[in-house]
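Trainee: Could you take me through one part of this model in detail? I'd like to start from a single side chain and work outwards from there.

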Amino acid sequence: MTETETDTTRDTTTTTGGGDEWADGLLAPVPDDDGAPFFAYAARGQLRVQCCAGCGETRFPPRPCCPHCQSFESLWKKFSGRGRIWSYVLPHPPLLPAYAAQAPYNVVLVELVDAPRVRLVGNLVASADAALNSVPPERIRIGAPVKAAFHETDGGLTVVRWLLERP
């Protein structure tokens with residue numbers, strides 16, 4: 001499948017919402033039925049976003065019904081993984097103990113280049129497996145170009161992180 005092709009098969013990966021809530025010592029996302037394919041594709045190193053099979057609009061966060069045309073049909077389109085920092089925050093203590101040990105770290109909101117209405121939350125890091133505080137706060141800028149990287153947590157879930165395009 002080429003980068004511009006879409007996967008029209010419905011991914012039936014499901015989760016019960018239970019299980020390990022911690023990964024790498026931090027709170028882990030708990031994928032629901034609608035969001036599970038996002039994490040399944042991330043585990044393959046692909047950034048895919050749910051799109052409506054009826055009208056083609058992107059749906060993020062993933063959900064069962066299109067807010068534009070009310071269709072329940074969806075597909076997962078592969079995106080380039082490139083974006084720009086739309087906003088960010090630098091959390092400071094008091095934090096949960098596992099997070100306090102890494103403070104100050106960043107949380108970025110990234111607007112995808114090929115889907116400007118889609119914004120993903122993650123961390124700007126020096127490499128996919130680097131610590132959350134691996135990029136000095138003074139290097140973070142609104143509008144900075146970034147690209148997706150994929151990090152498998154010790155809980156087995158792959159999450160999207162972000163790398164500066166120009167390190």
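**Around Asn106**

Mentor: Let's start with one polar contact: a polar atom of the Asn106 side chain sits 2.7 Å from the backbone nitrogen of Leu124. Keep in mind as we go that this is a predicted model.

Where is Asn106? It belongs to the loop between α2 (97-100) and β7 (107-112). Is Asn106 buried or exposed? With a relative accessible area of 1%, Asn106 is buried, because the cut-off for that word is under 20%. Leave out residues up to four places away in sequence, and Asn106 touches Val89, Leu90, Pro91, Gly122, Asn123, Leu124, Leu132, Val135 and Ile140. Take Pro91 from that list: 15 residues separate Pro91 from Asn106 in sequence, and their C-alpha atoms are 6.7 Å apart in space.

Gln102 is in that loop between α2 and β7 as well. Gln102 counts as buried too, since its relative accessibility is 17% and the limit is under 20%. Setting aside neighbours within four places in sequence, Gln102 is in contact with Leu26, Ala131, Leu132 and Asn133. So Leu132 turns up for Gln102 and for Asn106, if you want a residue to click on that links the two.

Now step out to the sheet. Five strands make up an open sheet, in the order β8-β7-β6-β9-β10, with antiparallel pairing. The edges are β8 (115-122) and β10 (158-164); each has a single partner strand, so one side of each has no neighbour in the sheet. On average, neighbouring strands here are turned by 45 degrees against each other, ignoring direction. Within the sheet, β6 (residues 82-89) pairs with β7 in the antiparallel sense over six bridges, and you can find Ile85 opposite Val110 in β7. Over at β10 there is a helix to look at: α1 (residues 36-43) lies across β9 (145-152) and β10, and runs at about 60 degrees to β10.

Next, the pocket. The largest pocket has a volume of about 620 Å³. It is lined by 26 residues, and the closest to its centre are Pro29, Val121, Gly122, Asn123 and Val159. Two of those names should ring a bell: Gly122 and Asn123 are among the residues that Asn106 touches. The elements giving two or more residues to the lining are β3, α1, β8 and β10, and β10 supplies the largest share, four residues.

Pro29 is worth a stop here. Pro29 is in the loop between β3 (26-27) and α1. How accessible is Pro29? Its relative accessible area is 37%, which makes Pro29 partly exposed. Apart from neighbours within four places in sequence, Pro29 is in contact with Phe39, Leu157 and Val159. Pro29 and Val159 are 130 residues apart in sequence, yet their C-alpha atoms are 8.4 Å apart in space.

Last, a few backbone details elsewhere in the chain. Most residues other than glycine have a negative phi, and most peptide bonds are trans. Phe60 and Pro61 are joined by a cis peptide bond, with omega about 5 degrees; Pro61 is in the loop between β4 (48-52) and β5 (74-78). Gln70 is also in the loop between β4 and β5, and its phi is positive, near 70 degrees, in a residue other than glycine. The peptide bond from Pro93 to Pro94 is cis as well, with omega near 15 degrees, and Pro94 lies in the loop between β6 and α2.

Methods: Residues numbered from 1 in each chain as written. Predicted model: local features only at pLDDT ≥ 70, side-chain atom pairs only at ≥ 80, totals over all residues. Heavy atoms only, no water. Buried < 20%, exposed > 50% of the residue type's maximum accessible area, 1.4 Å probe, protein only. Contact = heavy atoms within 4.5 Å. Polar contact = N/O pair within 3.5 Å; in protein donor to acceptor, adjacent residues only side chain to side chain. Pairing = 2+ DSSP bridges. Axes fitted to C-alpha atoms, helices over the stretch in contact; angles between N-to-C directions. 1 Å grid on protein atoms, 1.4 Å probe; cavity = no way out; pocket = protein on both sides within 12 Å on 5 of 7 lines; lining within 4 Å. Points joined across faces, edges and corners; volume = space filled by probe spheres on them.
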